[in-house]
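Please open the model in your viewer, with the sequence panel beside it, and follow the selections below in order.

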Amino acid sequence: MNIVVLVKQVPDTWSERKLTDADHTLDRESADAVLDEINERAVEEALLLKEAHGGEVTVIAMGPGRATDAIRKALSMGADKAVHVSDDALHGSDVIATAKVLAKAIGTVEGFDLVIAGNEATDGRAGAIPAILAEILGLPQVTQLRKVTVEGTTVKGERETEEGVAHLEASLPAIVSVTEKINEPRYPSFKGIMAAKKKPVTTLTVADLGVDAGEVGLGGAWSGVIEASPKPPRSAGQRIDDEGVGGSKIAEYLVGQKLI
Ligand SMILES: Cc1cc2nc3c(=O)[nH]c(=O)nc-3n(C[C@H](O)[C@H](O)[C@H](O)COP(=O)(O)OP(=O)(O)OC[C@H]3O[C@@H](n4cnc5c(N)ncnc54)[C@H](O)[C@@H]3O)c2cc1C
């Protein structure tokens, strides 16, 4: 199987996240950057499919220069090669531009069978890239999966919702997105870390992909952040000591807040 995994470098959830004053984009420099955990799971799923069916795993990341760290992590887990789309023109790209660029980058991987993405990135949280990609590439999409199997030329999956579990399938090539229930990602081994240093990483610009720089970045975005302010500090909570009527005092408080 020829599998592509979309991996995004995001600010670590433990770092303080803030927006830049200049253009209200995410201040990536001030936060520790990591491979998004949902994308570690996407890589893991690709590696499990490769172990079951043979083949090759290519990771694709669109992001600034330091995104190479996220790419190396995916390679040290066991992915075979990578494509890094890096270009200053991409700064501030919206979901549509991001999907356009990723679609072109996927197109550089000859004969791919399956594209695996996370269901939602932990920074942008659009949860839309897999669906937009499917539209652009004209491929079936099987999204929000907690289980993925491939049988012949069919990909099958389970999507868990509040109403129950849906069993879905599509013909390959297809795009799937996975949720945090899909698996537990492996830790890179020392051997894997050393091997990753020698694995091929192709770096491409928007021009290399034939994308017009005017269609991407802040200038090409269909929406923009006009104003942003930090959330107010948390106020002190109200302590209720239970002297036999704690339950009703909490209920009174919740009624007062119009929460019940
Ligand atoms: C501070 C800030 C400001 C923003 N301002 C705007 C704005 O003004 N207008 C606007 O339209 N959007 C804005 N966005 C959204 C931003 O453009 C999105 O983060 C980006 O386009 C991708 O969306 P997402 O990561 O939420 O994708 P999702 O759809 O949540 O991601 C799902 C999956 O797609 C894949 N994926 C997503 N991005 C990449 C990538 N770069 N490389 C490889 N794989 C990827 C991963 O597998 C990921 O798990 C802003 C985001 C932030 C953080």
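Which atoms of Gly 118 lie 3.0 Å from an oxygen atom of the ligand, backbone or side chain? Select Gly 118 together with the ligand, and you will find that the atom in question is a backbone N or O atom, 3.0 Å away from a ligand oxygen. Please keep in mind throughout that this is a predicted model.

**The ligand and its surroundings**

Now widen the selection around the ligand, which is surrounded by 31 residues, the closest being Lys 8, Ser 93, Ala 126, Gly 127 and Ala 128. Two further backbone approaches can be displayed here: a backbone N or O atom of Asp 94 lies 3.2 Å from an oxygen atom of the ligand, and a backbone N or O atom of Arg 125 lies 3.0 Å from an oxygen atom of the ligand.

Stay with Arg 125, which sits in the loop between β6 and α4. Its phi is positive, at about 55 degrees, although Arg 125 is not a glycine. Colour by accessibility and Arg 125 counts as exposed, because its relative accessibility of 54% is over the 50% cut-off.

**Helix α3**

Return to Asp 94, whose side chain deserves a separate look: at the start of α3, one of its side-chain oxygens reaches to within 3.2 Å of the backbone nitrogen of Ile 96. From there, select residues 95-107, the 13 residues of helix α3, and place a distance between the end C-alpha atoms; they are 18 Å apart, which agrees with the 18 Å that the helix should span at 1.5 Å a residue.

Which residues of α3 are buried? They are Ala 97, Thr 98, Ala 99, Val 101, Leu 102, Ala 103, Ala 105 and Ile 106. When judging which way side chains point, it helps to recall that an α-helix has 3.6 residues a turn, so residues three or four places apart point the same way. Show the partners of the buried residues of α3 next, and you will see them pack against the strands β1 (2-6), β4 (56-62), β5 (81-85) and β6 (114-118), and also against helix α4 (129-137).

**Thr 25**

Select Thr 25, in the loop between β2 (9-11) and β3 (33-35). Thr 25 is buried because its relative accessible area, 11%, is under 20%. The side chain of Thr 25 makes a polar contact, at 3.3 Å, with the side chain of His 91. If residues up to four places away in sequence are set aside, those that Thr 25 touches are Lys 18, Leu 19, Thr 20, His 91, Gly 92 and Leu 218.

**Strand β11 and its partners**

Move on to residues 174-178, which form strand β11; five of its five residues are buried, so the strand is largely enclosed by the rest of the structure. Both of its faces are covered, with Ala 174, Val 176 and Val 178 buried on one side and Ile 175 and Ser 177 buried on the other.

Add β6, which runs parallel to β11 and is joined to it by five bridges; within this pairing, Ile 116 has Val 176 as its bridge partner in β11. Then add strand β7 (residues 141-145), which also runs parallel to β11, with three bridges between them, and note that Val 142 stands opposite Val 176.

While β7 is displayed, pick out Gln 144, which belongs to that strand. Gln 144 has a positive phi of about 60 degrees although it is not a glycine, and with a relative accessible area of 32% it is partly exposed.

**From Pro 173 to the open sheet**

Step back along the chain to Pro 173, in the loop between β10 and β11. The peptide bond that joins Leu 172 and Pro 173 is cis, with omega at about 0 degrees.

Lastly, display the open sheet of three strands, whose order is β8-β9-β10 and whose pairing is antiparallel. The edges are taken by β8 (147-151) and β10 (164-171), each with a single partner strand, so one side of each is left without a neighbour in the sheet. Direction ignored, neighbouring strands of this sheet are turned by 20 degrees against each other on average. Eight bridges link β9 (residues 154-161) with β10 in the antiparallel sense, and the bridge partner of Val 155 in β10 is Ala 170.

**The whole protein**

Zoom out to finish, with the cartoon on, and the protein shows seven helices and twelve strands. Of its 260 residues, 40% are buried.

Notes: Residues are numbered from 1 along each chain as its sequence is written. This is a predicted model: local features need pLDDT of at least 70, side-chain atom pairs count only at pLDDT 80 or more; totals for chains, interfaces and linings use all residues. Side-chain values use heavy atoms; hydrogens and water are left out. Helices (H or I, at least four residues) and strands (E, at least two) are DSSP runs, numbered from the N terminus. Buried means under 20% relative accessible area, exposed over 50%, partly exposed in between (1.4 Å probe, protein chains only). A polar contact is a pair of N or O atoms within 3.5 Å; within protein, one must be able to donate a hydrogen and the other to accept it, and residues adjacent in sequence count only if both atoms are side-chain atoms. Contact means heavy atoms within 4.5 Å. The expected span of a helix is 1.5 Å times one less than its number of residues. Two strands pair if DSSP finds at least two bridges between them. Axes are lines fitted to C-alpha atoms, for helices over the stretch in contact, and angles run from 0 to 180 degrees between N-to-C directions. A residue is near a molecule or strand if one of its heavy atoms lies within 4 Å of it.
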